[in-house]
Amino acid sequence: MKQDSAEYQTTVEASDENCYPDASFRQPESGSADAAEEVEPIWFHAHFEDSMEMYADAATVAEHLNNHKSWFCQCAWPMKAEPIGENGYDLLIGRFGAFGYRVEARIGLELLPPDAEGCYLIKTIPVPNYTAPGYEVDFRSAMNLVEIPSDEFAADWPASERAKLPPAITSAAWKLDLAVGVCFPKFIRSMSQPLIEKTGDALLEKIIKQVNRRLTYKTQLVFHESLNIPFPKNPKKH
């Protein structure tokens with residue numbers, strides 16, 4: 001699959017500034033010395049946990065999640081996602097960088113069917129006919145569905161809001177372990193290793209939070225709209 005990077009990508013820098021670059025973006029080219037040597041990647045790691053509420057019983061939520069072809073690509077936008085086989089997706093995430101060096105992140109993810117304990121796993125898979133330019137990604141996440149009686153979940157809600165809920169709601173709780181290895185050019189490798197690692201870890205955390213915020217909201221929205229289920233705001237979060 002050919003992705004058109006000029007159509008979309010958000011750039012996330014180590015600072016708080018985000019921008020939408022145009023087609024003039026180019027991957028920085030390594031010098032001849034870098035090209036001639038084997039460069040070991042510098043690895044950055046992040047662990048993240050979150051959950052999202054779905055206002056339906058667990059069986060209804062599971063049926064929707066299992067049919068990921070009906071919602072994943074739509075929910076991933078403005079990231080670009082296209083199917084790979086039965087359960088995989090080629091995901092163009094965005095342009096990210098620090099120290100004046102940027103890469104365009106693109107990974108393959110496989111959404112595995114729930115296991116015997118109802119755990120949904122997502123892992124990295126190769127993208128056909130694509131080699132990442134100077135980076136590696138190891139993405140591993142696990143999600144479980146927990147059904148909660150609405151009276152228990154919304155015990156401190158106003159009665160008018162609690163009345164909008166079905167008998168039970170489902171909390172989809174997930175954990176992510178992410179490792180990214182980047183083969184930096186020499187001008188960055190000459191910098192302080194602790195500085196590089198601190199900046200990279202912080203940038204990785206920022207990317208995860210940004211993508212998670214968008215993907216979670218859109219997944220909730222599409223689920224409730226597709227099943228014509230009311231999606232009341234949680235008073236505890238507003």
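Me: In this predicted model, which exposed residues sit on the face of helix α2 turned away from its buried side?
Reply: That face carries Ala 59 and Glu 63. The word exposed is used for a relative accessible area over 50%.

Me: What makes the other side of α2, residues 58-66, a buried side?
Reply: Ala 58, Val 61, Ala 62, His 64 and Leu 65 are buried there. They are said to lie on the same side of α2 because they cover an arc of only 165° around the axis. As a general point, an α-helix has 3.6 residues a turn, so residues three or four places apart point the same way.

Me: What do the buried residues of α2 pack against?
Reply: They pack against strands β3, β7, β8 and β9, and against helix α7. Here a contact requires heavy atoms within 4.5 Å.

Me: Why is Asp 57 called a cap of α2?
Reply: A side-chain oxygen of Asp 57 lies 3.1 Å from the backbone nitrogen of Ala 59, at the N-terminal end of the helix. A polar contact needs N or O atoms within 3.5 Å, so a distance of 3.1 Å passes.

Me: Why is the number of disulfides given as zero?
Reply: Two cysteine sulfur atoms must be within 2.5 Å to count as a disulfide. The sulfur of Cys 73 has its closest cysteine sulfur in Cys 75, 9.5 Å away, which is too far for a bond. The same distance of 9.5 Å is found when starting from Cys 75, whose closest cysteine sulfur is in Cys 73. The count is therefore zero.

Me: What makes Cys 73 partly exposed, and what is Cys 75 called?
Reply: Partly exposed covers the range between the 20% and 50% cut-offs. Cys 73 has a relative accessible area of 27%, so it falls in that range. Cys 75 has 1%, so it counts as buried.

Me: Why is strand β6 described as largely enclosed?
Reply: Ten of its eleven residues, 101-111, are buried, so the rest of the structure largely encloses β6.

Me: What makes β6 and β7 a pair of strands?
Reply: At least two bridges are needed for pairing. β6 and β7 have four, and the pairing is antiparallel. In one of these places, Leu 111 has Ile 122 of β7 as its bridge partner.

Me: What can be said in the same way of β9?
Reply: Twelve of its 15 residues are buried, so β9 too is largely enclosed by the rest of the structure. β9 pairs with β3 in the antiparallel sense over 13 bridges, and Met 54 has Thr 170 of β9 as its bridge partner. β8 also runs antiparallel to β9, with 15 bridges joining them. There, Asp 138 is partnered with Ala 179 of β9.

Me: Why does Asn 87, in the loop between β4 and β5, count as buried?
Reply: Its relative accessibility is 18%, and buried means under 20%, so Asn 87 qualifies. Beyond residues up to four places away in sequence, Asn 87 touches His 68, Leu 109, Glu 110, Leu 111 and Pro 113.

Me: What makes the link between the side chains of Asn 87 and His 68 a polar contact?
Reply: The distance is 3.1 Å. The limit is 3.5 Å, so the pair falls within it.

Me: Why does Ile 125, in strand β7, count as buried?
Reply: At 17% relative accessibility, Ile 125 is under the 20% cut-off and so counts as buried. Leaving aside neighbours within four places, its contacts are Ile 84, Gly 88, Gly 108, Leu 109 and Glu 110.

Me: What is notable about phi in Asn 129 and Asn 228?
Reply: Asn 129 has a positive phi of about 60° although it is not a glycine. Asn 228, also not a glycine, has a positive phi near 55°. Asn 129 lies in the loop between β7 and β8, and Asn 228 lies in the segment after α7.

Me: Why are Asn 129 and Asn 228 called exposed?
Reply: The cut-off is over 50%. Asn 129 has 83% relative accessibility, so it counts as exposed. Asn 228, with a relative accessible area of 71%, is therefore exposed as well.

Notes: Residues are numbered from 1 along each chain as its sequence is written. This is a predicted model: local features need pLDDT of at least 70, side-chain atom pairs count only at pLDDT 80 or more; totals for chains, interfaces and linings use all residues. Side-chain values use heavy atoms; hydrogens and water are left out. Buried means under 20% relative accessible area, exposed over 50%, partly exposed in between (1.4 Å probe, protein chains only). Helices (H or I, at least four residues) and strands (E, at least two) are DSSP runs, numbered from the N terminus. The arc is that of the directions from the helix axis to the C-beta atoms. A polar contact is a pair of N or O atoms within 3.5 Å; within protein, one must be able to donate a hydrogen and the other to accept it, and residues adjacent in sequence count only if both atoms are side-chain atoms.
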